[in-house]
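Biologist: I should like to learn how to read the arrangement of helices and strands in a model. May we work through one together?

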Amino acid sequence: MKQSLGLLEVSGLALAISCADVMAKAASITLLGMEKTNGSGWTVIKVAGDVASVQSAIITGANFAQTRNGLVAQKVIARPAEGILASAPKLASIPETPAATAVMVVEEPALDVKNEQAFSEEPSVAPDPQAMQLVTCNLCLDPVCPRQKGEPRSLCIHSGQRGE
């Protein structure tokens, strides 16, 4: 099933965020983004998904914006052609999976307890020894600085050179 594109233009950023929230809760859609347009603080909300979900979300968002006197325009483009809008490449990269199997997995990087530094488990990329130096000073970001985060600024080896 090919993705469709929905556009909802409202007056004001706060209303746009509220409409995007209502739309996402009303139907199974993907929020592509919000874009400020010319004139009176109008904002376009771009969503994608299957045709029925996008139509349902746009109708819900339009009704929500209409009750708050902020609706400018609405449009659903079912199965847009490649390159119709600038966001068309984003539509092509959206995976078409059933809602039951669409799970986003976020992996945290593992920590080396000895030096408290994140490392990658990719065997094909050799770690750069210079990149592995531990930066302790959050002021100068110099790995040889003895100052630890939270200590007085006067302990930084570059404290007299600030503001130059």
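Biologist: How are α1 and α2 oriented to each other?

Modeller: This is a predicted model. Orientation is read from the angle between helix axes; angles of 65 to 115 degrees count as roughly perpendicular and those over 145 as roughly antiparallel, with oblique in between. Here α1 and α2 pack at about 140°, their axes 8 Å apart, and are therefore oblique to each other. Their crossing is right-handed.

Biologist: Which residues of α1 and α2 make the contact?

Modeller: From α1 come Leu15, Ser18, Cys19, Val22, Met23 and Ala26. From α2 come Ser56, Ala57, Ile58, Thr60, Gly61, Phe64 and Ala65. By class, this contact has 9 nonpolar and 4 polar residues, and no charged ones.

Biologist: In what order do the strands of the sheet lie?

Modeller: The order is β2-β3-β1-β4, in an open sheet of 4 strands with antiparallel pairing. At the edges are β2 (30-36) and β4 (71-77), each of which pairs on one side only. From one strand to the next, the twist averages 15°.

Biologist: How many bridges join β2 to β3?

Modeller: There are 6, and the two strands run antiparallel, β3 covering residues 42-49. Within β3, isoleucine 45 is the bridge partner of methionine 34.

Biologist: Which strands does each helix lie across?

Modeller: Helix α1 (residues 13-26) lies across β1 (4-11), β2 and β3, and runs at about 15° to β3. Helix α2 (residues 51-67) lies across β1, β3 and β4, at about 5° to β1.

Technical notes: Residues numbered from 1 in each chain as written. Predicted model: local features only at pLDDT ≥ 70, side-chain atom pairs only at ≥ 80, totals over all residues. Heavy atoms only, no water. Pairing = 2+ DSSP bridges. Axes fitted to C-alpha atoms, helices over the stretch in contact; angles between N-to-C directions. Contact = heavy atoms within 4.5 Å. Parallel < 35°, antiparallel > 145°, perpendicular 65-115°, else oblique. Left-handed = near helix turned anticlockwise from the far one by under 90°. Nonpolar A, V, L, I, M, F, W, Y, C, P; charged D, E, K, R; others polar.
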